[in-house]
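Biologist: Please take one close look at the largest pocket. Which residues line the largest pocket? Then follow the salt bridges outward from there.

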Amino acid sequence: MEENIVEAKSTIDKAITGARERLRYVSNQIWENPELGMEEVKAHTLLTDFLEKEGFEVERSFVLKTAFRATFYTPASKTDATAVNACVVCEYDALPEIGHACGHNLIAEAGLAAAIGVKAVMEKCPHLKLKLTVMGTPDEEGSGGKIFLIK
């Protein structure tokens, strides 16, 4: 069992390290282009384009204009409703006048990194019934985008 954990950690590390520059680019672009809640058009595009390139099925404008849902399945889970579903959340809105003082650009980057790492392990274990969902939740500093997505 410990050997499997070490291998999984190595897989995650390699996946995230390999994407380091692309992850940093996304974070920097969100930082340099702060968008208030429900107006995160550039961030929405950056994040969804990134996830599509990584092989996720992306639903843009999911429930809200600047929200999204991206999903990756193992082959064993694609049509199995009993598959375990893990969810990673990305936040990316800014605050008026002070931009990303809360670090949502970093939360978005960390969410992408987590998704890449988990997906890499899933690809090595296609027999497992696993589903990974990445939720893009806008307007966390305002109306709380997650609330609308939960309903």
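Modeller: The pocket comes first, then the salt bridges, then a few single residues.

This is a predicted model, in which local features need pLDDT of at least 70, side-chain atom pairs count only at pLDDT 80 or more, and totals for chains, interfaces and linings use all residues. Residues are numbered from 1 along each chain as its sequence is written, and side-chain values use heavy atoms, with hydrogens and water left out.

The largest pocket has a volume of about 190 Å³. A pocket here is an open set of points on a 1 Å grid over the protein atoms alone, where a 1.4 Å probe fits, with protein on both sides within 12 Å along at least five of seven lines. Lining residues have an atom within 4 Å of a point. The volume is the space filled by probe spheres set on the points, which are joined across faces, edges and corners.

The lining consists of Asn4, Ile5, Glu7, Ala8, Thr11, Val121, Lys124 and Cys125. Helix H1 (2-18) and helix H4 (104-124) are the elements that give two or more residues to it. H1 gives the most, with five residues. Helices are DSSP runs (H or I, at least four residues) and strands likewise (E, at least two), numbered from the N terminus. By class, the lining has four nonpolar, two polar and two charged residues. Ala, Val, Leu, Ile, Met, Phe, Trp, Tyr, Cys and Pro count as nonpolar, Asp, Glu, Lys and Arg as charged, and the others, Gly among them, as polar.

Two lining residues, Lys124 and Glu7, form a salt bridge, with the closest N and O atoms 3.9 Å apart. The criterion is a side-chain nitrogen of Lys or Arg within 4 Å of a carboxyl oxygen of Asp or Glu. Lys124 lies in helix H4 and Glu7 in helix H1, so this pair ties together parts 117 residues apart in sequence. Lys124 is exposed, at 52% relative accessible area. Glu7 is partly exposed, at 42%. Buried means under 20%, exposed over 50%, and partly exposed in between (1.4 Å probe, protein chains only).

Now the wider set. The structure holds 11 salt bridges. In helix H2 (residues 20-32), Arg24 pairs with Glu21, the closest N and O atoms being 2.9 Å apart. Both lie in H2, three residues apart, about one turn of the helix. Arg24 is partly exposed at 37%, while Glu21 is exposed at 54%.

A further pair joins two strands. Arg69 and Glu59 form a salt bridge whose closest N and O atoms are 2.8 Å apart. Arg69 lies in strand E2 (residues 68-73) and Glu59 in strand E1 (residues 57-60), so the pair ties together parts 10 residues apart in sequence. Arg69 is partly exposed at 28%, and Glu59 is partly exposed at 33%. Elsewhere, Asp49, Glu52 and Arg60 are linked in a network of salt bridges.

Back to the helices. Helix H4 also holds Lys119, which is buried at 9% relative accessibility. The C-alpha atoms of Lys119 and Gly142 are separated by 31 Å, with their positions 23 residues apart along the chain. Helix H2 also holds Leu23, buried at 3%. The C-alpha atoms of Leu23 and Gly136 lie 16 Å apart, although the two are 113 residues apart along the chain.
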